[in-house]
Amino acid sequence: SSGINAEYGGVVPVPLGLAGPLLLNGKEYGVPIATTEGALVASLSRGCRAVRESGGVESTCSYFGMTRAPLIKFTCARTAKQAADWITEEENFKKLKTEFESTSRYAKLKSISPKQAGNLLFLRVVATTGEAMGMNMISKGCEKMLGFLKSVEGVFSDMIILSLSGNYCVDKKPSAMNWINNRGYNVSCDVTLSHDVISSILKTSAGALAELNSAKNHVGSSLAGCVGGNNAHAANIVSGVFLATGQDVAQVGTSAMTMVTMECVGQGDLYVSATMPCIEVGTVGGGTVLTAQHSNLQLLSSDPDVEINSALLAQVICGAVLAGELSLLSALCSGDLVKSHMQLNRAQG
């Protein structure tokens, strides 16, 4: 533990529950949730049951890569523009790629996107980082790359490195940048629930769920000015899994950005989707090396043939978010939210 926290002074126990199973792409997965919210695991398990009895969720997943955005400064805007042009030239990018990738066997530089503001230049660097979440890996590569730029004569002679991160990454904050351009894993999950499942398990109707999702998650979130907030409580699921599996909990602010859609189809059935464009997770490094967190990653599947990798973890999170949205919105539709919290989230006696 001292290798994870330089000022190690002990541990804080957080209650752990295993929700599910979640039926995802034809296989069942447990969802480890570390939380002090008493109703969360039970609610998520109800959503997972509804999903499971409707044939399970299907998912798509693409890996965008991790980002870092160094901030450099020049004497004037003209020089900053010349630097941006130099960086985007193919031959120069290859040189920067060589420098960047010399720092790691796993880091692979994909792109550098300069953004100018006067004499300031923000470099949004995108790199793949294997099974690690990758912030340390990409930061190390960026540092090496900036050192190389300082050695380039001419346009970079007056360059000042203001910061390894200029907030254009964007790290640990909801942002339109990540919402549109992705960061980490971009995952979409969907399922069609039957009328019988909605009625018997969720105690509501397709029409009520679709109307509430539109009014609450889209109109309400728009009035509030949310970015990536078209959901009821995605952060509940993301934070619970992050705590349980050793992820960087501060990245919940980015990773929990979710768009939930619901559409009435057929005879009382409901199509549901959840899209999460920037799930930042890893299955090696960081907190995943801790014994309990590593064990919780293995709880995802009891099948020895299933490889527990970062892409799978991202898909389980998105599928669980979808299930959690179904259960919470159903509780709101039926008026059971407060009653369930009073029963499950208060000390007895």
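Contact here means heavy atoms within 4.5 Å. The model is predicted. With that cut-off, take helix 3 and helix 4.

K95, L96, E99 and F100 are the residues that helix 3 brings to this contact. Helix 4 answers with I138, G141, C142, K144, M145, F148 and L149. By character, the residues of the contact are seven nonpolar, one polar and three charged.

Now the geometry. Two packed helices are described by the angle between their axes and the distance between the axes. Helix 3 spans residues 90-101 and helix 4 spans residues 135-151. The two pack at an angle of about 130°. Their axes are 8 Å apart. The angle makes helix 3 oblique to helix 4, because values over 145 degrees would be needed for roughly antiparallel and 65 to 115 for roughly perpendicular. The crossing of the two helices is right-handed.

Next, the aromatic rings. The structure holds four aromatic pairs. One of them joins F74 and F156. A pair of aromatic rings is described by the distance of the centres and the angle of the planes. For F74 and F156, the centres lie 6.1 Å apart and the planes make 55°, a tilted arrangement.

Where do F74 and F156 lie? F74 sits in the loop between strand 4 (71-73) and helix 2 (77-88). F156 sits in the loop between helix 4 and strand 7 (160-163). The pair therefore ties together parts that are 82 residues apart in sequence. Both F74 and F156 are buried. W86 joins F74 and F156 in one aromatic cluster.

Notes:
Residues numbered from 1 in each chain as written. Predicted model: local features only at pLDDT ≥ 70, side-chain atom pairs only at ≥ 80, totals over all residues. Heavy atoms only, no water. Axes fitted to C-alpha atoms, helices over the stretch in contact; angles between N-to-C directions. Helix = DSSP H or I, 4+ residues; strand = E, 2+ residues; numbered from the N terminus. Parallel < 35°, antiparallel > 145°, perpendicular 65-115°, else oblique. Left-handed = near helix turned anticlockwise from the far one by under 90°. Nonpolar A, V, L, I, M, F, W, Y, C, P; charged D, E, K, R; others polar. Phe/Tyr/Trp six-rings, centres within 6.5 Å; stacked < 30°, edge-to-face > 60°. Buried < 20%, exposed > 50% of the residue type's maximum accessible area, 1.4 Å probe, protein only.
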